[in-house]
Amino acid sequence: MKLKKSVKKFFKKVQLIILKNMFSRIKDKEENLSSSEYFCLECIYLMNNPTISQFASFMDISSPNATYKVKQLIKKGFITKEKSPTDGREYLLVPTPKFYDFYQNKEDYVLINDLKEQLGKKDAKKIDKIMKILTEQMEA
């Protein structure tokens, strides 16, 4: 029961940090992004170049709604549509350099390096194994 509590607490903390970062990025930048557009942009980035239909399916929204959101993000210069190298009929949603300038994911690596220093190699390997198991469970 103790493990369940600590895992829940960890994931709640991760969610709060993500939301805090999301809103601070929107607030601090002069880009005219709504929170909904930012959320879609973040999902597209984390999905690693999905098609519009994959994006729509993941977000559980209609294809026309997904298409509208994608067009807005393309218009604002945050993503592009590129032909799939494996299927010329499909287009992948790809973040642009403007997105990466806006996103700036520097703090992640500081956290990981600090964790490695505090734990040592042996414990870091255990945590790595646990994170892989958690990731697999989330994908199931």
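**Entry 1: the nonpolar patch.** I began with the helices that build the nonpolar patch in this predicted model, and I found that α1 (2-28) and α6 (107-139) each supply at least two residues of it. I then listed the members, which are Phe10, Val14, Ile18, Ile127, Ile130 and Met131, and noted that together they make a nonpolar surface patch of about 470 Å². From this list I picked isoleucine 127, which lies in helix α6, and I looked up its cover: isoleucine 127 is partly exposed, with a relative accessible area of 33%.

**Entry 2: the aromatic residues.** Next I turned to the rings, and the structure holds three aromatic pairs. One of them joins tyrosine 45 and phenylalanine 99, and I recorded it as tilted, at 5.2 Å centre to centre with 45° between the planes. Because tyrosine 45 belongs to helix α2 and phenylalanine 99 to helix α5 (residues 97-103), this pair ties together parts that are 54 residues apart in sequence. Phenylalanine 99 also meets tyrosine 100, with ring centres 5.1 Å apart and planes at 75°, so I entered that pair as edge-to-face. I wrote down Tyr45, Phe99 and Tyr100 as one aromatic cluster. I then checked each member for exposure: phenylalanine 99 is buried at 1% relative accessibility, whereas tyrosine 45 is partly exposed at 26% and tyrosine 100 is partly exposed at 43%.

**Entry 3: a loop residue.** Which residues does asparagine 49 contact, once its neighbours within four places in sequence are left aside? I first placed asparagine 49 in the loop between α2 (35-47) and α3 (52-59), where it is partly exposed with a relative accessible area of 27%. The contacts I found for asparagine 49, with those neighbours left aside, are Ile44, Leu92, Leu93, Val94 and Pro95. For leucine 93 I also noted the spacing: asparagine 49 and leucine 93 are 44 residues apart in sequence, and their C-alpha atoms are 4.9 Å apart in space.

**Entry 4: the cysteines.** Last, I asked how many disulfides the structure contains. With a disulfide taken as a pair of cysteine sulfur atoms within 2.5 Å, the count comes to zero. For cysteine 40 the nearest cysteine sulfur is that of cysteine 43, at 6.6 Å, and cysteine 40 is in no disulfide. Looking from the other side, I found that cysteine 43 is likewise in no disulfide, with the sulfur of cysteine 40 as its nearest cysteine sulfur. As for their cover, cysteine 40 is buried, with a relative accessible area of 2%, and cysteine 43 is buried as well, with a relative accessible area of 10%.

Note on methods: Residues are numbered from 1 along each chain as its sequence is written. This is a predicted model: local features need pLDDT of at least 70, side-chain atom pairs count only at pLDDT 80 or more; totals for chains, interfaces and linings use all residues. Side-chain values use heavy atoms; hydrogens and water are left out. Buried means under 20% relative accessible area, exposed over 50%, partly exposed in between (1.4 Å probe, protein chains only). Patches are made of residues with over 30% relative accessible area and no salt bridge: like charges are joined within 9 Å, nonpolar side chains (Val, Leu, Ile, Met, Phe, Trp, Tyr) within 5 Å. Accessible areas come from the Shrake-Rupley method with a 1.4 Å probe; for residues, only the protein chains shown count as cover. A salt bridge is a side-chain nitrogen of Lys or Arg within 4 Å of a carboxyl oxygen of Asp or Glu. Helices (H or I, at least four residues) and strands (E, at least two) are DSSP runs, numbered from the N terminus. Contact means heavy atoms within 4.5 Å. Rings of Phe, Tyr and Trp (its six-membered ring) pair if their centres lie within 6.5 Å; planes under 30 degrees apart count as stacked, over 60 as edge-to-face and the rest as tilted.
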